[in-house]
Amino acid sequence: SILITGSNDIYVGGVDFHNNRIDDYILVDHIHNDIKSVGMGLDHVLILDIEGNLYGLGDGVNGQLGPFSPISVDRPMRILSDKFNSRIKKVACGEKHSLILLENGDLYAMGDDHFGQCAGAGDEYGNPIKINFELANKNNYSFVNNSHNSSIYSNNSKSMRSLMSSNSSVSNATNVNKGHPENIIDIYSGYNHCLAVAENRDIYTWGDASYGKLGYSPDDKVINHPLVVNLLKGKNATNIALGKNVSVIITYLYEESLFSMTKTQ
């Protein structure tokens, strides 16, 4: 685990690369600028400061820390300098892959691609590859009924909104389905599946399709490019969280609903 203080000191705890257990948090470094976004995978961390500088920490063997990074990084190392034509807005990490969202709405991925997390770039991909949303709205897959739980909490909206407050970064929108579907405004990552929110509030998923966690049920268990979740079209997501084999989305339009996309039995 990782802790970041108000003065931007970074502490880590858990198990190190030599499988030694760390009982107390250890100060590993200090970032001079305020920290804007942190992504945490199984063994790697991405840290983004407000100036758009990106730092990597931990395991880089699968390319999840970018090209030319060492196998292991025990101090935050600046990565991907001058790689993009726009500043980085947000980062998210999966088990062995990383997502990087730019302020211009472009989305890049790097690292392990065994489940299509990096949009079919290959088994491992250290150089960031741009995610293509050209086919994203052509989703002909249906959703299996026994994988969908939708509960209406219109009389208990306060507790619903606080359910995943630590994972909430999707702002409310008055106009749903406005804006550009290819312009991504937010990203999330599970272990081996990914989710992106477009400017028009459509939600796209890709990667490991097992357990119904992508929101649709394809014939193959790997989706290597984003597809729109038809079940959530026209709904405004206010909170999103992804786990190993589950995706949870709270939506709000006229009444509040909780969608849990996973296999229930």
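Which residue in β14 does D186 stand opposite? In this predicted model, D186 stands opposite V197 in β14, and the two strands concerned, β13 and β14 (residues 193-198), pair in the antiparallel sense over five bridges.

**The four-stranded sheet**

The pairing of β13 with β14 belongs to an open sheet of four strands, which follow one another in the order β13-β14-β15-β16 with antiparallel pairing. Its edges are formed by β13 (184-189) and β16 (222-228), each of which pairs on one side only. On average, and with direction ignored, neighbouring strands of this sheet are turned by 10 degrees against each other. As a general point, strands of a sheet pair through backbone hydrogen bonds, either parallel or antiparallel.

**The strands β1, β2 and β3**

Strand β1 (residues 2-4) pairs with strand β2 (residues 9-15) in the antiparallel sense over three bridges, and within this pairing I4 stands opposite I10 in β2. The two strands form a hairpin with four residues between them, and N8, which lies in the turn, has a positive phi of about 70 degrees. Strand β2 is also joined by six bridges to strand β3 (residues 21-30), the two running antiparallel; here V15 stands opposite R21 in β3.

The table lists the bridges for the pairs described above.

| Strand pair | Sense | Bridges |
|---|---|---|
| β13 and β14 | antiparallel | five bridges |
| β1 and β2 | antiparallel | three bridges |
| β2 and β3 | antiparallel | six bridges |

When side chains along these strands are inspected, a general rule may be kept in mind: in a regular strand the side chains alternate between the two faces of the sheet.

Key. Residues numbered from 1 in each chain as written. Predicted model: local features only at pLDDT ≥ 70, side-chain atom pairs only at ≥ 80, totals over all residues. Heavy atoms only, no water. Pairing = 2+ DSSP bridges. Axes fitted to C-alpha atoms, helices over the stretch in contact; angles between N-to-C directions.
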